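Reader: I am new to this structure and would like a close look at one part of it. Please take me through that part, then show me some local details elsewhere.

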Amino acid sequence: MVEVDAGLRQALLETVTGLMSPDQGSRAQAEEQIKALEVTDDFGVLLCQMTLDNECSLSIRQLAAVLLRQYIDSHWSQDGEKFRAPETTPNAKAMIRQMLPMGLKESISKVRNTVAFSLAAIAHWDWPDHWPQLFDILMQAIKGTDEFAVQGAVRVLKELSRDLTDSQIPTVAPVILPDIYRIFCETERYTVGTRSRAVEIFTTLTSMICTIGEVNKSLQKTLLNPFLSTFSEALVSSLAVQDSHNSDTGLKTQVVKALTVLIKNVPKQMSQWMPQILPPVWATLTSSAEKYVREVVNEGGGEDECVDSDGEVLGFEALMFAIFDFVDAMVESKKFRPAVKSGLTDLIYYIVIYMQITEEQCQKWSENPDSFVEDEDEDSFAYSVRISAQDLLMALFREFESDCCISLCQIIEKHLTEAAQARSVGNEEWWKIHEAVMLALGSTVVSMERHIDEGKVNFDITNFLTNVVLADMNSPVHPFLLGRCLWLASKFPKYQSTEMMTAFLEGTVRGLAQDQPHPVRISAVRAIWGFCDHLKTAGETGNVSLASLLVPLLPALVDGLVNMAANFSQSSEILGLILENLAVVLDCDQKFTASQEAKVAPLAIAIFLKYSSDPLIIGLSQDLFKILSKNPECVISLQTRLIPTIVSILNSTNQFPGLKSVAMDVLETLIRSSPLPLSDHLIQIAFPAVIQVTLSTDDNSILQSGGECLRAYISASPEQISNFVDPSGKTGLQHIVSVAGHLLNPAGVESSATFVGRLVTCLIRKTGDRLGDNLDLLLKAVLSKLQRSETLSVAQSLILVYAQLIHSQLDAVLNFLSSVPGPTGNSALHFVMTEWVSKQHMFFGSYETKVSLMALAKLLQYGVNNNDDRLNEITVKGDEVFNDAAGPRTRSTRASRPAQFSMVPLLAKLTKLLLMEVANLMEFGEDDSDEDYDSEGEIDSQDGSLNGSNGGKNGVELSDLLDEGAELIDLEDEDEDPDAKLDPINAVDLKKYLISFLREFSSQPVFEHFLPHLNPTEALTLQHIQQIQI
């Protein structure tokens, strides 16, 4: 064993012993001592020795192993997320790498497992560059006869396989896979846990091979196919084995996950195994249903949750998740879809069983209403068998809509019959299947409603609402069933008679009452949306009968929601749900809304003040302010109530910066939502306060919000701002220019300029003719800030100022940038274009991407048409140049071998960028790929006449094409910036626009000068766009 300082070893041994002392003072002293020892060079080496020393007590060795793992995470590499100085010395690293693999043979599992994790952590940084021997060490252990060494090595390989690169897979996979297969098959020799990890390794490698195989088709054939048949057979066989010492739910879960990866990636090869795979998977799904209902749904737990030594849950729920994912993968595959379709009715029957609310959920949600709101939200991040089953149901409906509608109607009758039988024999849990049936029906309301209307399903929805939903509501046996009745009724209001809807509406109002259980109150809130949405739709179609039912109840709904908001003011989840539906109620009837301002506005203001640090709640309270502001009958009342509060916050010296920032966000909402002209409250009182607080601070959040608030003023009413004059004679426009200059201060915090580009662009667009010399000053300030920017979002914001000017004042912006020096001795034009093209591929935002790419297209057109030397003289980075002789660039070699790039003319780079964007857009447009490529990936050249027709248009002006682009409408409905929505560029379908542009451009004689600069991918993209239909 490697020798180190004996005194230091003894000190460490005493310290580790002290960490386990029952005396708190001794433990605290030992913790301080560990911190001192941790920075010594031999700390890690000593821990490694202690871990491997059989003469030490087990408790000492276990704690030393844990400390070693923590030490590796914190000190092994300065690139680690948890790194703390100092980094382990090269000598200490070498000693640890030499000793630690011995721990794989350790018979004590807790020590061996921790050693394995430590080895994997080291391998993440050192293999293969600094520890090439590791792989051979692991393979030697796996091939050996020592059972413990095999278990330890498999555990390391499981972690290591996740870090493999595409260059390592071809070397590693053929070596690992045969032994992994052997370990999995030797059921009597190796533990279930080791065999499960072997399957995990196979799954990881298979997934990686198939991913790489999308680019290199031969790789899959050479690496995976030789093992595919034998491994598939072994996996299929293991599914049929009953739980025993050779098999458990953990192993079956990993096997199903492996099969899922295979049917996703190699469906053709897996088709022969499906007759053997489906019966055991189906048997597991169906046989587990009874156990699930008995032990989980009705009794609330069953067996204690089983966790393996990796922390992975081995329970039966994990197996259900895997089976649902397996079925989902079959649905996504054309080859296996028919198999799912043929058993759709039975499958949906069992899915609904797994959608039942469990006893544990009943208890949890009753005690914690927040979790009920969070877990049952459509966009919940929570996961359970109930949610997983619901997700699978929705996936089935997306793929087999008509068949699913028919099947769901059939199984509803079956489930109701079985529930009635259970109820008749005294089963108190019968209601859970009713609740699950209603959840399934309500989740698929869009599909079901259409098929009911078209007479494609034999289902009497009105009868169901009357005899099941209304009956359950009138004789409630459980709060969760009552709440689900209200929710479902709100999903199908148009099938209800006047009497029925009255009953449900009154039930919803009663459900909001303070004396109702939490699940009922929350479900009543959720039900409001459906009824109010139906009211708005009915109002648009002239259905006054529904309005006569709901409008009288609106005050009671508002009262109920406002009272609930007070009751749940400490719960952000429930409060968010209440505010969301309160906005829906207020949006129903303008006259009614005006009458509620005195009740709703104080609530919204109180919530805005209390939850200023919660962006979700603030956004929902702003929705209320927006509705009230758009209502001319109550906007003045709201402003009289709200603006003094906002101004008081802005003028205060004691308020937190975050509250001032949020106050300006709220003010921005008022500005953009209020009728024009803006009131004196907004112009004479609020506007000067915003100017003052923004100019007098360096706080990032205040600067950002202040800039956006002032942009709203300029966007909404530029005339009023231009005409505003303060007591000193300074105009509103001059103030905003000063704010823009403050935001663009090169010495200021960079992130404060994240949105300044929008402000500058809005100033130029709305008041450009009034800016005078300030325009040049602003553009120079933008340039200066860009020179120092390091953040992509800031650089994008600044570059887009020039992109917008290229659209509106191309000659002027080129003249300006050409006349101003850049930071490297070249012109500012050279600097801006270099920055722009180097970052364009990282730009984000639909509108921003359109503005940028269309500006580049316009600049390319201009450069080609005018042969402008100012553009022709600029060269920029082209494609990365790879040196095959130097080998792949790994984590440890990137610093010493930076990437190398070719240099290309600017206009050629613009062409390459446009082609790259088209390639990305075509990849997302699966409809195009389905139509334009056959099953072998060959191009279907049905449109081959395009080249001939374009050939005669050598004199076409590309400006004609750019003008035509504005007619190509993009129908995406996003939550976009309000100014962006008004820009015609936002209406352009970027994919169609770029394809048309590049087709036209590539038909010009000058394009032959650009061809040598295209890489194979770009050339292929150019070929594709000539042949697809748009």
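How do the residues of the lining of the second largest pocket divide into nonpolar, polar and charged?

Author: A word first: this is a predicted model. The lining of the second largest pocket divides into 16 nonpolar, 15 polar and 17 charged residues. The pocket itself has a volume of about 1,500 Å³. Its lining is made by 48 residues. Closest to the centre are Asp377, Glu378, Trp487, Lys491 and Arg526.

Now the elements around it. Several helices give two or more residues to the lining of this pocket. They are H20 (369-375), H21 (385-399), H23 (431-443), H24 (445-453), H26 (479-491), H28 (518-540), H31 (572-586) and H34 (615-630). Helix H28 gives the most, with seven residues.

Leave the pocket and go to a helix pair. Helix H43 covers residues 792-808, and helix H44 covers residues 810-819. Their axes come within 6 Å and cross at roughly 135°. Angles over 145 degrees would count as roughly antiparallel, and 65 to 115 as roughly perpendicular. The crossing of H43 and H44 is therefore oblique. On the H43 side, the contact is made by Tyr802, Leu805, Ile806 and Ser808. On the H44 side, Leu810, Val813, Phe816 and Leu817 take part. By class, this contact has seven nonpolar residues, one polar residue and no charged ones.

Next, some backbone details in loops. Most residues other than glycine have a negative phi, and most peptide bonds are trans. Here are the exceptions to look at. The peptide bond from Trp127 to Pro128 is cis, with omega near 5°. Pro128 sits in the loop between helix H6 (109-126) and helix H7 (134-143). The bond from Leu676 to Pro677 is also cis, with omega near -5°. Pro677 belongs to the loop between helix H36 (657-673) and helix H37 (680-695). Asn867 is not a glycine, yet its phi is positive, at about 45°. Look for Asn867 in the loop between helix H46 (846-866) and helix H47 (869-872). Asn867 counts as exposed because its relative accessibility is 55%.

Three more residues are worth a stop. Start with Trp76, in the loop between helix H4 (58-75) and helix H5 (90-99). Its relative accessibility is 0%, so Trp76 counts as buried. Trp76 and Glu87 are 11 residues apart in sequence, and their C-alpha atoms are 5.7 Å apart in space. Glu87 is also in contact with Trp76. Leaving aside neighbours within four places in sequence, the other contacts of Trp76 include Thr88, Lys93, Ile96, Arg97, Ile122, Trp125 and Asp126.

Helix H4 itself holds Ile60. Ile60 has a relative accessible area of 6%, so this residue is buried. Its C-alpha atom is separated by 8.1 Å from that of Leu13, which is 47 residues away along the chain. Beyond its neighbours within four places in sequence, Ile60 is in contact with Leu13, Val16, Thr17, Met20 and Met50.

Last comes Ile636, in helix H35 (residues 635-651). With a relative accessible area of 47%, Ile636 is partly exposed. Ile636 and Ser679 are 43 residues apart in sequence. In space, they are 8.2 Å apart, C-alpha to C-alpha.

Methods. Residues numbered from 1 in each chain as written. Predicted model: local features only at pLDDT ≥ 70, side-chain atom pairs only at ≥ 80, totals over all residues. Heavy atoms only, no water. Axes fitted to C-alpha atoms, helices over the stretch in contact; angles between N-to-C directions. Helix = DSSP H or I, 4+ residues; strand = E, 2+ residues; numbered from the N terminus. Parallel < 35°, antiparallel > 145°, perpendicular 65-115°, else oblique. Contact = heavy atoms within 4.5 Å. Nonpolar A, V, L, I, M, F, W, Y, C, P; charged D, E, K, R; others polar. 1 Å grid on protein atoms, 1.4 Å probe; cavity = no way out; pocket = protein on both sides within 12 Å on 5 of 7 lines; lining within 4 Å. Points joined across faces, edges and corners; volume = space filled by probe spheres on them. Buried < 20%, exposed > 50% of the residue type's maximum accessible area, 1.4 Å probe, protein only.
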